[in-house]
Amino acid sequence: MPTWLIVVLVVFALLVIALFVLGLVGAQRRDRDRDAAFGAELEKANAALAEARASDRGWERSILEAAARAAHERAHPGADIRELHLVQVVDRPGTDSDQARFRVMDAHGEHDILLGRRGDQWNEVA
């Protein structure tokens with residue numbers, strides 16, 4: 001086999017391997033970006049679903065938010081809430097077992113507040 005043919009075949013093989021590796025790296029980057037976007041979209045959809053369920057049940061959003069803000073103030077006095085999202089609604093038979101979970105973002109980070117309903121009052125569940 002001539003030497004020039006061996007050199008051409010080795011260069012071709014290296015080129016194929018390099019393109020394969022670059023393709024893998026590109027696919028991993030695309031998947032990582034897609035996963036991050038999917039997580040954000042899923043979080044938005046969950047929040048919208050929780051809010052729709054709460055409004056469908058006749059729960060007053062302003063009362064729920066006020067209770068969540070009060071619970072946050074007791075746990076973190078003086079910490080301003082940057083974002084407050086209703087992320088889960090648990091509507092069991094009757095009203096005394098109903099629950100609403102809020103995700104709070106403040107200077108301390110991100111944490112959840114679980115509210116329980118007793119009659120017309122919403123209070124934090126320990």
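Of the 126 residues in this protein, 23% count as buried. The model on display is a predicted one.

**The whole chain.** Begin with the entire protein selected and coloured by secondary structure. The display should show 2 helices and 4 strands. Followed along the sequence, these elements come in the order α-α-β-β-β-β. The radius of gyration is 27 Å, well over the 14 Å given by the globule rule for 126 residues, so the protein is more spread out than a compact globule. Next, align the view with the principal axes: the C-alpha atoms fill a box of roughly 90 × 35 × 20 Å.

**Helix α1 and Leu-22.** Select residues 3-56, which form helix α1. Within this helix, pick out Leu-22. Is Leu-22 buried or exposed? Its relative accessibility is 59%, and because exposed means over 50%, Leu-22 counts as exposed.

**From Leu-22 to Asp-80.** Keep Leu-22 selected and add Asp-80. How far apart are Leu-22 and Asp-80 in space? From C-alpha to C-alpha, the distance is 46 Å, while the separation in sequence is 58 residues.

**Contacts.** Return to the full chain and display its contacts. Among those between residues at least 6 apart in sequence, 43% join residues at least 24 apart.

**Surface and charge.** Now switch on the surface. The protein exposes about 8,900 Å², of which carbon and sulfur atoms supply 59%. Finally, select the charged side chains: 16 are positive and 20 are negative. The centres of these two sets lie 5 Å apart.

Technical notes:
Residues are numbered from 1 along each chain as its sequence is written. This is a predicted model: local features need pLDDT of at least 70, side-chain atom pairs count only at pLDDT 80 or more; totals for chains, interfaces and linings use all residues. Side-chain values use heavy atoms; hydrogens and water are left out. Buried means under 20% relative accessible area, exposed over 50%, partly exposed in between (1.4 Å probe, protein chains only). The radius of gyration is taken over C-alpha atoms; the globule rule is 2.2 Å times the number of residues to the power 0.38. Contact means heavy atoms within 4.5 Å. Accessible areas come from the Shrake-Rupley method with a 1.4 Å probe; for residues, only the protein chains shown count as cover. Lys and Arg count as positive and Asp and Glu as negative; His and the chain ends are not counted. The place of a charge is taken as NZ of Lys, CZ of Arg, CG of Asp or CD of Glu.
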